[in-house]
Amino acid sequence: MGVPILESTDIKAGDSETLDAKAMAFAGECLRKVQQGGAEAVAEYAQRFGELTAGQSAVVQKAELKAAYDSLERADRECLDRVAARVKKFATCQRDAIRDMETDIPGGKAGHTVSPVDVAGCYAPGGRYPLPSSVIMTAATARAAGVKKVVVASPKPLPVTLAAAYVSGADVMLRIGGAHAIAALATGAYSGEGAPRADVICGPGNAWVTAAKACCATHARVGIDMLAGPSEVLVVCDETADPEVVASDMLAQAEHDVVARPILVTFSKYGKATALKHIHAVNEALDRQLEVLPTKAVAEPAVKRGFAVACKDVEEAIRVSDAVAPEHLEVICRDERTISKRMNHYGGLFIGRCAAEVLGDYGIGPNHTLPTSGTARYTGGLCVNDFLRIRTWMRVDDKKAAQVAVEDAVRLARIEGLEGHARAAEHRLGGDEPAAKKAKK
């Protein structure tokens, strides 16, 4: 069976998932109810979905997060510590690369300052699998950006999820998920319990979470990182790639969700026939591995949603990959470093056999919250930038030296028909009387 085989002409740039209309309608209604009813409205949803019992608080304070961390086996604690440290190190290097700057302008100086938002809302899914790794990816990155208050939300969190929030530096956690959790973060429904309204909400989630993020960005004046869809991996390889390794990497993404997409793009210096033969070898490996995979019930439908393309050469393989603009892009072939540099659209790039995408999932350094559904054509993955504001400033110290810029402002304003702008600029002309005063005489 394996993944279906398509022709390269079947792959069109811009093909992507759209927001689910039913989920959007539900998310909009949920947001309105939470805006009106606050924590009580959130609790109603949480009890309906079995996340909270009547009277139970949704808020987990930092002391309880630490207690969960302390309750883990030593090996698990040390694992979380190492992963969080690597994610923080990478995010801190990103933050250090984004600096304040200033430059000369006519008569003065201009520049920008870089500063974090006050509150970050970090979401981690918890439906099919607990995902402490997503807690670390979001919360640790927000903390590295310098965010003052970090609030995590995740439904029915296990002790390891609570512990992940602790090692990531989260201040508080909401033990709820779905659209109502996003609404709670966006509105500050639990601000009285240490979870104030978020300035930015980030993190992966299902269609309901994604729809809620879209609604909140529009109707709750909150920033979001991206609108993430189902997970996807695209492996570009030639016949030197081990079919067993390629198949295992495809299944690693397929087991995320029944709507995930594993994609294979092959090429060969020996021609398209060899590339097609390699697809068959990978498909055979997929079938063998799938039969003994404990998560087969999830992975098998996802494999059916994936596809493979045999390309005549590396140029065609690059075109197909760029058209898909995958969330995860693996390149396993001869001269893989050179070929990787020619790839243009992807969320995260994994170069070579040893750079397994799963290492990115589990905290080798770069963030695993990445753009899906072709959105890598215009955005990148979650990083410190999502929690930072770059704000510009200017000052004019030498009025005389600024006159050319002032005169240009006057002229452009009148070209655009904005007389008020022109007169405001004329007040800065050296020695000239503003037009408004002349008009009164």
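Let us start at a pair of strands, where Met101 stands opposite His112 in E4. Strand E3 (residues 101–105) and strand E4 (residues 108–116) run antiparallel and are joined by 5 bridges; two strands count as paired if DSSP finds at least two bridges between them. E3 and E4 form a hairpin with 2 residues between them, and Gly107 in the turn has a positive phi of about 85°. Helices (H or I, at least four residues) and strands (E, at least two) are DSSP runs, numbered from the N terminus.

A word on what you are looking at: this is a predicted model, in which local features need pLDDT of at least 70 and side-chain atom pairs count only at pLDDT 80 or more, while totals for chains, interfaces and linings use all residues. Residues are numbered from 1 along each chain as its sequence is written, and side-chain values use heavy atoms, with hydrogens and water left out.

Now step inside. The largest nonpolar core has 40 residues, and Cys122, Ile136, Val147 and Phe387 touch the most other members. Such a core is a set of buried Ala, Val, Leu, Ile, Met, Phe, Trp, Tyr and Cys residues joined through side-chain atoms within 4.5 Å. Buried means under 20% relative accessible area, exposed over 50%, and partly exposed in between (1.4 Å probe, protein chains only). Elements giving two or more residues to this largest core include helix H2 (62–71), helix H3 (74–96) and helix H4 (132–145). H4 gives the most, with 8 residues. Apart from this core lies another, of 38 residues, among them Leu52, Val119, Ile176 and Leu185.

Ile136 is a good residue to pause at. Not counting residues up to four places away in sequence, Ile136 touches, among others, Leu80, Val83, Ala164 and Val167, where contact means heavy atoms within 4.5 Å. Helix H5 is mostly covered, with 7 of its 10 residues buried; Ala164 and Val167 are among those buried residues. What covers them includes strand E2 (59–61), H2, H3, H4 and strand E7 (172–174). Just after H5, Gly169 takes a positive phi of about 90°.

Next, follow the charges. Side chains of opposite charge can pair when their charged atoms come close. A salt bridge is a side-chain nitrogen of Lys or Arg within 4 Å of a carboxyl oxygen of Asp or Glu, and by this rule the count comes to 19. One of them joins Lys33 to Glu29, with the closest N and O atoms 3.3 Å apart. These two are 4 residues apart in helix H1 (residues 21–48), so about one helical turn separates them.

Other pairs link distant parts of the chain. Arg175 forms a salt bridge with Glu64 at 3.7 Å between the closest N and O atoms, and the two are 111 residues apart. Here Arg175 is buried, with a relative accessible area of 15%, whereas Glu64 is partly exposed at 36%. Asp238 and Arg334 also meet in a salt bridge (3.4 Å, N to O), although their positions lie 96 residues apart in the chain. Asp238 counts as buried at 2% relative accessibility, while Arg334 is partly exposed at 33%. Finally, Arg414, Glu419, Arg423 and Glu426 are linked in a network of salt bridges.

One more place to visit is Asp225, in the loop between strand E9 (223–224) and strand E10 (232–237). Asp225 is buried, with a relative accessible area of 9%. Its contacts beyond four places in sequence include Ile201, Lys213 and Asp386.
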